[in-house]
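Please look through the sequence and the model that follow, and then read the report below with both at hand.

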Amino acid sequence: MRTRFFSVQTAQQVETPLHPSTTAIGLDLGITVFAAQSDGVIHLPKNSFTQLQRQLAHAQRSLARRCKYSRNWKKQKAKIARLYIRIANVRADYLHQKSHLICLGGPAQNHAVVCIEDLKVSNMSRSASGTRQAPGKNVKAKSGLNRAILDQGWGEFRRQLGYKLKWAGGDLIVVPAQYTSQQCSGCGHIAQENRKIQESFCCVSCGHAENADVNAAKNIVAAGHAVMACGGDVRPELHEHAVKAAPVKQEPTEAIQACA
């Protein structure tokens, strides 16, 4: 007796969702702090690769000592593959938790509008090794910084924010990243001297001082308000609420040295 299957396709009209919240926040993404909100909430990084990096290196050295394509070599290679899967799963779970908390969390936590920077992760994590004729500088430090950037999963976090806000009826606003870390959220003065170290921000013009990541998040949400007020282009590859922008993020040199 044969089993037969059939499928039924239906069309359903769904009302446009209305987000229960009316607040807007800015998110400043980083390495030492995964995300800082403009309202002062700090999200620490998970660093799933860093947590398992030593175990992964030990497994890879063990693989190098095995006879290639032998039974033990295949077992060890499968063990390494499971470690990579575990790293990816831990990172994805953390990103889902944080994106859900920001977009769909409790009444005191979720937000209808989220403003983030348009970070070019591929450019930020580009190798600095250079060529034989023109070798790069601080290659080891830049390699550690690249590894830390890719360990955060900023691109996946942005994707999750986009579709979860769309589900809830919210908006994801993508704004230029230039000078957000160097601009004072109080007076608007831009200077590299405003952020001499990674953690703190102190304006050389008005004296405004606070956490550097929170200050940057306030600049991001202010830029998002300007975009909503004046309009902007749309990025179709993300979704219809994301606004076109394209600069790079500036961080103090201490961030590069800390990742070496």
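Strand 4, which covers residues 113–117, runs parallel to strand 5 and is joined to it by five bridges. In this pairing, which belongs to a predicted model, V113 stands opposite D171 of strand 5. Strand 5 is itself mostly covered, since four of its five residues are buried.

Helix 4, made up of residues 139–152, has 14 residues and reaches 20 Å from its first C-alpha to its last, which is close to the 20 Å expected at 1.5 Å a residue. Among the buried residues of this helix are A141, G144, L145, A148 and I149, and the list also includes K142, N146, D151 and Q152. Directly after helix 4 comes G153, whose phi is positive, near 75°.

Most residues other than glycine have a negative phi. Against this background, two residues that are not glycine deserve a careful look, and the table sets out their phi values and their places.

| Residue | Phi | Place |
|---|---|---|
| N47 | about 55° | loop between strand 3 (42–43) and helix 1 (48–65) |
| Y179 | about 65° | loop between strand 5 (171–175) and strand 6 (200–202) |

Are these two residues buried or exposed? N47 has a relative accessible area of 24%, so it counts as partly exposed, because buried would require a value under 20%. Y179, at 42% relative accessibility, is likewise partly exposed, because exposed would require a value over 50%.

Terms used. Residues numbered from 1 in each chain as written. Predicted model: local features only at pLDDT ≥ 70, side-chain atom pairs only at ≥ 80, totals over all residues. Heavy atoms only, no water. Helix = DSSP H or I, 4+ residues; strand = E, 2+ residues; numbered from the N terminus. Buried < 20%, exposed > 50% of the residue type's maximum accessible area, 1.4 Å probe, protein only. Expected span 1.5 Å × (residues − 1). Pairing = 2+ DSSP bridges.
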